[in-house]
Amino acid sequence: LVLIGLRTRTGDLALRIRIVRALNEGGGQTIDMNNMAAFTWDELVVLGPYASSQEQAETAQLPFYVRWVLRLGSRDDICVLAFKLSHDYRMHVVMPREKGDFLPSVRPSSYVNDTAFFAGTKRGERMLVYPAKRTEAP
C-alpha cells in the first residue's frame, strides 16, 4: 500500500526525469512525447493546477486513488500529464511547476501522438512548456 501511494504521488518518475532533462538540456528544441514514454499510449491530457474533479475523472480518466492522493483540485504547485490508451488511463506523471510548468499547454482536448510536441522557455527560475510544432530531423 505504501509503494502504491509513493508511485501515485509522483506517477512515472523515470518519465518525469526524462522530460525535465530534455527541457533543460534541449536549448528550446521541440520535445516529442512519443520518444519520452517507455510505454504505449495514444492520448495525452495535460491537467493544470486546480483541475476540477470532472476534468480529472472524465477527461483524463484518472483512477479514484490517484485523484485522492494528488488532490490536484486544491493545488497550484503541480501539473499532471495523464497518458491514455484507447480512451483508458494508462499512466500519469506529476510535474512540479518549478521543473516544467505545463500550464501554457493546458487545453480542453487531448493531445494525440501526432500533436504531442512541446518546447520549453525559461522565464526567471521557471521553465514554461508550450505546445510546439513537429520538427524534422536534419
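In this predicted model, four strands come together as an open sheet, and reading across it gives the order β4-β3-β2-β5. The pairing throughout that sheet is antiparallel. Its edges are taken by β4, covering residues 88-96, and by β5, covering 111-112; each of these strands has a pairing partner on one side only.

At the β5 edge, the neighbour is strand β2, made up of residues 43-47. Two bridges hold the antiparallel match between β2 and β5 on record. Looking at individual residues, Glu43 sits across from Val112 of β5. A helix also joins the picture: α2, residues 13-25, packs on the sheet and touches both β3 (78-85) and β4. The direction of α2 makes an angle of about 50° with that of β4.

Strand β4 is also home to His92. With a relative accessibility of 3%, His92 falls under the 20% limit and therefore counts as buried. The side chain of His92 has a polar contact with the side chain of Tyr89, at 2.7 Å.

Over in helix α2 there is Leu13. Its relative accessibility is 37%, so Leu13 counts as partly exposed, a class that lies between the 20% cut-off for buried and the 50% cut-off for exposed. Leu13 and Lys84 are 71 residues apart along the chain, and their C-alpha atoms are separated by 17 Å.

Note on methods: Residues numbered from 1 in each chain as written. Predicted model: local features only at pLDDT ≥ 70, side-chain atom pairs only at ≥ 80, totals over all residues. Heavy atoms only, no water. Pairing = 2+ DSSP bridges. Contact = heavy atoms within 4.5 Å. Axes fitted to C-alpha atoms, helices over the stretch in contact; angles between N-to-C directions. Buried < 20%, exposed > 50% of the residue type's maximum accessible area, 1.4 Å probe, protein only. Polar contact = N/O pair within 3.5 Å; in protein donor to acceptor, adjacent residues only side chain to side chain.
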